[in-house]
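This briefing concerns the ligand and the pockets of one protein. Please consult the sequence and the structure shown below while reading.

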Amino acid sequence: MTVKENLLKIKKSISDAEKAAARTENSVKLVAVSKFHPLEKIIEAIDAGQVVFGENRVQEAKEKFTKLFEMGYKPELHIIGSLQRNKVKDAVKIASCIESLDRLSLAEEIEKQCAKIEKKIQVLFEIHTGEESKAGFTDENELRNVIQLCADGKFPHLEPKGFMTMAPNTENQEEIKKSFVALKDLQKKFSAEFPVLDFSELSMGMSGDFPLAIECGSTMVRIGTAIFGEREY
Ligand SMILES: *Cc1c(COP(=O)(O)O)cnc(C)c1O
């Protein structure tokens with residue numbers, strides 16, 4: 001199957017899952033996760049109409065996406081992997097959204113680097129909801145502290161849009177569901193606490209679990225393998 005065929009198939013599955021969950025049509029966005037895949041595959045996806053891509057390593061993303069921008073393509077890039085402080089400067093130049101905001105010091109660095117280049121960037125707060133993945137906020141008060149600073153206008157270059165999580169890597173559907181439901185509950189809670197902020201996006205669901213994520217309220221699925229094939233590390 002070509003990238004284009006895979007994209008069509010995934011879009012159909014997303015649309016079926018929206019219908020099954022009585023969700024609004026086209027309410028779920030597709031982030032095509034192109035990490036470890038070459039430029040040519042990304043171009044194939046862009047030519048098939050895909051706009052938003054996800055990468056987890058800044059160095060790799062910088063090489064590929066700088067080239068794409070130079071070639072005149074206009075993809076949007078989401079950074080979805082854990083982000084080191086010294087990579088933030090490059091990340092904010094190429095990305096439209098950082099989905100993996102997981103600590104206060106990172107928010108501070110993103111603010112600093114975005115201020116320098118006078119750019120606003122969307123952010124999602126990554127939440128640790130499952131036992132197997134280590135990434136994301138684990139302490140709700142620490143999360144609340146960062147969100148409070150956003151609400152107080154301390155990070156004028158950050159635009160919070162919602163939350164992101166990775167479900168545990170397991171076959172156990174109940175466990176995966178628990179993770180998604182936890183993110184949805186968090187969204188409800190923080191939306192009520194911080195009505196001035198926008199938490200409308202829930203980035204959850206990958207190749208193996210996206211229909212369930214959509215059933216649980218996902219608005220953004222991050223899909224790699226099902227579009228680009230297995231990754232060669
Ligand atoms: C790699 C990755 C994905 C995509 O996973 P697939 O199983 O290939 O769809 C999604 N989210 C994050 C954070 C990732 O690192």
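**The ligand and its pockets**

The ligand is surrounded by Val33, Lys35, Ile80, Met166, Met206, Ser207, Arg222, Ile223, Gly224, Thr225 and Arg231. The model is a predicted one. The space that the ligand takes is the largest pocket, and a second largest pocket has a volume of about 220 Å³.

**Surroundings of the ligand**

- By class, the shell around the ligand consists of five nonpolar, three polar and three charged residues.
- Among the residues of this shell are Lys35, Gly224 and Arg231, and the contacts of these residues with the ligand are described next.

**Polar contacts of the ligand**

- In the side chain of Lys35, an N or O atom is 2.6 Å from an oxygen atom of the ligand.
- In the side chain of Arg231, an N or O atom is 2.7 Å from an oxygen atom of the ligand.
- Gly224 takes part through its backbone, where an N or O atom lies 2.8 Å from an oxygen atom of the ligand.
- On its own, the ligand has 390 Å² of accessible area, and the protein covers 92% of this area.

**The largest pocket**

- The volume of the largest pocket is about 630 Å³.
- The lining of the largest pocket has 28 residues, and the closest to the centre of the pocket are Lys35, Met166, Ala167, Met206 and Arg231.
- Two elements, α7 (173–193) and β8 (220–223), give two or more residues to the lining of the largest pocket.
- In terms of class, the lining of the largest pocket holds 10 nonpolar, 11 polar and seven charged residues.
- Lys35 and Arg231 are therefore listed in two roles, since each has an oxygen atom of the ligand within the 3.5 Å used for a polar contact, and both are among the residues closest to the centre of the largest pocket.

**The second largest pocket**

- Which residues lie nearest the centre of the second largest pocket? They are Lys11, Val28, Lys29, Leu30 and Gln50, out of 15 lining residues.
- At least two residues of this lining come from each of α1 (3–20) and β1 (29–33).
- With four residues, α1 supplies the largest share of the lining of the second largest pocket.
- The lining of the second largest pocket divides by class into seven nonpolar, five polar and three charged residues.

Notes. Residues are numbered from 1 along each chain as its sequence is written. This is a predicted model: local features need pLDDT of at least 70, side-chain atom pairs count only at pLDDT 80 or more; totals for chains, interfaces and linings use all residues. Side-chain values use heavy atoms; hydrogens and water are left out. A residue is near a molecule or strand if one of its heavy atoms lies within 4 Å of it. A polar contact is a pair of N or O atoms within 3.5 Å; within protein, one must be able to donate a hydrogen and the other to accept it, and residues adjacent in sequence count only if both atoms are side-chain atoms. Accessible areas come from the Shrake-Rupley method with a 1.4 Å probe; for residues, only the protein chains shown count as cover. On a 1 Å grid over the protein atoms alone, a cavity is a set of points where a 1.4 Å probe fits but cannot get out, and a pocket is an open set with protein on both sides within 12 Å along at least five of seven lines; lining residues have an atom within 4 Å of a point. A molecule sits in a cavity or pocket if more than half of its atoms lie within 2 Å of its grid points. Ala, Val, Leu, Ile, Met, Phe, Trp, Tyr, Cys and Pro count as nonpolar, Asp, Glu, Lys and Arg as charged, and the others, Gly among them, as polar. Grid points are joined across faces, edges and corners, and a volume is the space filled by probe spheres set on the points.
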